[in-house]
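Ready to practise reading a protein fold? Grab a pencil and work through the exercises below, checking each solution as you go.

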Amino acid sequence: MADAPATLSALLRDVAARHPEREALVHPAFTFGGVERRLSFAELDARVDELARGLLALGIGRGEHVAIWAASVPDWVPLMFALARIGSVLVTVNTALKHDEVAYVLQQSKAIAVLHTTRTGHNEASAILDALLAEDNPAVARVRRRVWLQAVHDERPPPGVAPRAAPDAVPPGAPDSVQNLAPGGAPCAALLDIEALVALGRGVSAEQLAARERGCAPGDVVNIQYTSGTTGFPKGVMLSHANVLHSGTRLGAGLGTTPEDRVALIVPLFHCFGCVVCVLGAWCYGATLCCIPHFDAGSALELLEAERCTLVHGVPTMFSALLAHADLPRRRITTLRAGLIAGAPCPPPLMRAVAERLPCPGISVTYGLTEASPGVAGCAPDAPAVMRFETIGRPLPDVELRIVAPGSVTDVPDGEPGELLVRGANIMVGYHDEPEATARAITPDGWLRTGDQVVRDADGVLRIVGRIKDIIIRGGENIAPAEIEAVLREHPDIADAAVVGVPSAYFGEEIGAALILRDGARFDPDAYAKLCTGRIACFKVPAVWKHVTAFPLTGSGKVKKYQLREQFRADAPP
């Protein structure tokens, strides 16, 4: 799509003009408490205008950062485009994060507003935000506004909050539903529900909105996604309009997407897989997006059947759950033609089962990473099965690749493993407020170090053979071991901790923790898991525990984690 619009807002304006009556966004009744929502592209564009005016009325400035912490509710995607339309930056927040993790993301991103549901997955999001405000936590010192995204699937407003005036927190002309949440009536972040935001925006003129929209440029940062880096704390990957549209257009083109396609959104929107691969991969070509609020295998199967979806993307664990669900034999899924599996290694037998039993004949493995917006390589749906199932294909158009000796920029010959380097319009702007980390990740001449070990054959086809960087990928989630190790070391019985990825048939990798205990301490994995629970997201809590007297170390005293991984493998049951 050589003539792709230059910004997200321009993309939506363009597709709404070309396909005004076509369905753009579908939230079926069966997953949203009996309330169905279907928007045409023209209606979607109008809804984005309403929300954009509301955000302007709140005083959200150009370039300011606004967090969304919510499941895939009906206004999530419209808000993503509304923020882009006014030149602001969306900060996506993983729905599984706990108190301290959310605090870190809000503080590091410098978010000035949070758009959230009452709950996110298993979290009481409103209660966590209330607690951060009540603690006078520095993480929320910049947060001026909160907007409650009422989900139509069995969700109630945050409880126990009485309306109070807060003159220096509430914008002029705000409706009665604006509430003050601070204890004792002290000024704090104002809380509006989403329709109150829309009502507030009616005082903003079309010209005011147009002026902000005209100021948006392809190179502007439009999204910050937090992904675990090699040093432990999550890094904020800054992506521009040009970055994400590059991936949306190339991945969508590779799938042969047309306005006749219906894309199943079963992955979370807070990942690039959701908000770029699914949303932009569909809308760059006028396709329909069909959503469920969060992944549930039964709901996903019903979505595929009821909405006659033609494309479905997900991580391997999702497809395993679809194939194992009791409803699969009775579902008449006859319209799927292709899809992408990414986010974690996928065994070829699972790929074949998806192709034959779901069935999704054109399913293929693709490869990307958040720092590359995320698209790097893939296969067409009509490529040979062995290529689609066992390789990551060839680079996407306009993506340059090199394979080098680890830690160098010396190219290795085809057939030999080396670190994959990537360059192109898809490469991130950088890590937010981390210039040194950015310089380590991107070479002076623009090559992104992926940390992944790859082999390229004589035909240019790529295979992932390992990872150089110390990241665990569990069910599509990137997990930094250092974050988990820091929590475990707080236990009084633990002298030191080392966390590694352990092979898992279901998740690709599971979390393994090797512990050195203090003299006289009893090995008690239940107590260690309890310490982690509530401190870190549930998917980060180790599932495999190992008591060791010492770690294998390098000459400089660093843990040889590859040797630890081998120890876990040796101890695994046959």
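**Exercise 1. Find which residues Phe81 touches, then place Phe81 in its core.**

Step 1: Skip residues up to four places away in sequence; Phe81 then touches Leu8, Leu12, Val48, Val279, Leu280 and Trp283. Touching is a contact, meaning heavy atoms within 4.5 Å.

Step 2: Now zoom out to the largest nonpolar core, which has 129 residues. A nonpolar core is a set of buried Ala, Val, Leu, Ile, Met, Phe, Trp, Tyr and Cys residues joined through side-chain atoms within 4.5 Å. Buried means under 20% relative accessible area, exposed over 50%, and partly exposed in between, using a 1.4 Å probe and protein chains only. Phe81 is among the members that touch the most others, along with Trp76, Leu280, Trp283, Leu289 and Leu358.

Step 3: Helix α9 (residues 272–283) gives this core its largest share, 10 residues. Apart from this core lies another one, of 23 residues, including Val102 and Ile224.

A quick word on the ground rules: this is a predicted model, where local features need pLDDT of at least 70, side-chain atom pairs count only at pLDDT 80 or more, and totals for chains, interfaces and linings use all residues. Residues are numbered from 1 along each chain as its sequence is written, and side-chain values use heavy atoms, with hydrogens and water left out.

**Exercise 2. Work out the strand order of the open sheet of 3 strands, and say where Ser373 sits.**

Step 1: The order is β16-β17-β18, with antiparallel pairing. Strands (E, at least two residues) and helices (H or I, at least four) are DSSP runs, numbered from the N terminus. Two strands pair if DSSP finds at least two bridges between them.

Step 2: β16 (367–368) and β18 (394–395) are the edge strands, since each pairs on one side only. β16 joins β17 (residues 375–378) over 2 bridges, and Tyr367 has Ala377 as its bridge partner.

Step 3: Ser373 belongs to the loop between β16 and β17. Is Ser373 buried or exposed? Its relative accessible area is 0%, so Ser373 counts as buried. Leaving out residues up to four places away, Ser373 touches Leu239, Asn243, Val244, Ser247, Cys272, Val276 and Asn426.

**Exercise 3. Describe how strand β15 (residues 362–365) is built in.**

Step 1: Look at the side chains. Gly362 and Ser364 point one way, Ile363 and Val365 the other, and all are buried. In a regular strand, side chains alternate between the two faces of the sheet.

Step 2: Find the neighbour. β14 (residues 338–341) pairs with β15 in the parallel sense over 4 bridges, with Ala338 opposite Gly362.

Step 3: Add helix α12 (residues 348–357), and β14, α12 and β15 form a right-handed β-α-β unit. Right-handed means that, with the strands pointing away from the viewer, the path from the first strand over the helix to the second runs clockwise.

**Exercise 4. How many disulfides does the whole structure hold, and why does Cys216 not form one?**

Step 1: The search finds 0 disulfides. A disulfide is a pair of cysteine sulfur atoms within 2.5 Å.

Step 2: The closest cysteine sulfur to that of Cys216 is in Cys284, 16 Å away, so the gap is too far for a bond. Cys216 counts as buried, at 12% relative accessibility.

Step 3: Try Cys379 too. Its closest cysteine sulfur, in Cys346, is 13 Å away, which is too far for a bond.
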